[in-house]
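Here are a few notes to help you find your way around this one. Have a look at the model first, then read the points in any order you like.

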Amino acid sequence: MAGSGKTTFMQRLASHLSTIKKPGYLLNLDPAVAKVPYNPNVDIRDTINYKNVMKEYNLGPNGAILTSLNLFATRFDQVIDLCTKERDPPLDYVLADTPGQIEIFTWSASGAIITEAFATVLPTAIVFVLDTPRCTAPQTFMSNMLQACSILYKTRLPLLLVFNKIDVARPDFALEWMQDFDTFFEALRADTSYAASLSRSMSLVLEKFYMNLRAVGVSAITGEGIDEFMRAVDAAREEFDREYLPDLERRKQVDLEKKRREMEMERVQEDMRAARAGSRQPTIPEAEEEA
Ligand SMILES: Nc1nc2c(ncn2[C@@H]2O[C@H](COP(=O)(O)OP(=O)(O)OP(=O)(O)O)[C@@H](O)[C@H]2O)c(=O)[nH]1
């Protein structure tokens, strides 16, 4: 969510991890960010100049962010090598800060390449940072939940919802809306618009989705909620091992099986092409007769 505090939260996490003597490996994947308030180990801006991309490809800001990320994704195996390099002491956490626009990261080919590259070598979870004060309107809340839902179903990775800025607005209303439809319906009671009615229906559909989520309230500014967030990360790691990895293995098998069938089909087609070509050629005795 743009402006929800992702970068500030990264800074908070980085400082928390140094305090507990488990320093993280920090990646900045946002080419357009003006200032990074933590010390990134890898910074997309060191290799890609977003302003030049705008000029060179004649793009607007979002197009240039997407193109920069695409260019970076082509070399992402090098980043993965850095993240997985043996170290003493070994790395416990790799944190990546992404561009804020959901369509740029979650729904782009480069976003998928980057997330899958991580998930094939490291236990991976997605953290969706929400701006709690900007979720207090039920329909804005619902629109954020739908975005989160789309991330979950696109990546299939464990997803953590972080309700940030709890120093400004407490997250209790949101956590309650996720657990109890009646309170969410009540919040929408006075609203008879079509959008409100859609939000009501969606909240029923999202019941299963909410059950698959971990949601915590934090303040990136004060640090409140960080311990609870770290416990949610531990649980997400267990979920990754328990659910994502077997699913990945199953998908790999399905892909292998699909490739095997395609190869067999290709062989059948080759045989048929050869048979057709053969039937057009004169047989050897016929050729001798003509001679
Ligand atoms: N009060 C309060 N403000 C916060 C908190 N976290 C971030 N902010 C403020 O929210 C604004 C946006 O924070 P950023 O960290 O830049 O947000 P972002 O999500 O990285 O922004 P984009 O990358 O542009 O989408 C800044 O003014 C931060 O100081 C918080 O926990 N409490």
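1. A bit of vocabulary before anything else: a crossing of two helices is called right-handed if the near helix is turned clockwise from the far one by less than a right angle, and left-handed if it is turned anticlockwise. Keep in mind, too, that this is a predicted model.

2. With that in hand, try helix α8 (residues 138-155) and helix α9 (residues 172-179). Their axes come within 12 Å and cross at roughly 65°. Angles of 65 to 115 degrees count as roughly perpendicular, so that is how α8 and α9 stand to each other. As for the hand, α8 passes α9 in a right-handed crossing.

3. Now compare a second pair, helix α4 (residues 61-73) and helix α7 (residues 109-121). Here the axes are 8 Å apart and the packing angle is about 40°. α4 and α7 are therefore oblique to each other. Their crossing is left-handed.

4. On to the ligand. Which residues come nearest to it? There are 17 residues around the ligand, and the nearest are Lys6, Thr7, Thr8, Asp167 and Ala220. If you sort that shell by residue type, you get 5 nonpolar, 8 polar and 4 charged. Helix α1 (residues 6-19) gives the largest share of the shell, with 3 residues.

5. Some polar contacts are worth clicking on. A polar side-chain atom of lysine 6 sits 2.8 Å from an oxygen atom of the ligand. Glycine 3 uses its backbone instead: one of its N or O atoms is 2.9 Å from a ligand oxygen. Serine 219 also has a polar side-chain atom facing a ligand oxygen, at a distance of 3.4 Å. How much of the ligand does the protein cover? On its own the ligand has 660 Å² of accessible area, and the protein covers 67% of that.

6. Next, a peptide bond to check by eye. Aspartate 88 and proline 89 are joined by a cis peptide bond, with omega at about 0°. You'll find proline 89 in the loop between α5 (76-84) and β3 (94-97).

7. One last backbone detail: where is lysine 21? Look in the loop between α1 and β1 (25-28). Lysine 21 has a phi near 60°, which is a positive value in a residue other than glycine.

How values were computed:
Residues numbered from 1 in each chain as written. Predicted model: local features only at pLDDT ≥ 70, side-chain atom pairs only at ≥ 80, totals over all residues. Heavy atoms only, no water. Near = heavy atom within 4 Å. Polar contact = N/O pair within 3.5 Å; in protein donor to acceptor, adjacent residues only side chain to side chain. Areas by Shrake-Rupley, 256 points an atom, 1.4 Å probe, with all protein chains shown as cover. Helix = DSSP H or I, 4+ residues; strand = E, 2+ residues; numbered from the N terminus. Nonpolar A, V, L, I, M, F, W, Y, C, P; charged D, E, K, R; others polar. Axes fitted to C-alpha atoms, helices over the stretch in contact; angles between N-to-C directions. Parallel < 35°, antiparallel > 145°, perpendicular 65-115°, else oblique.
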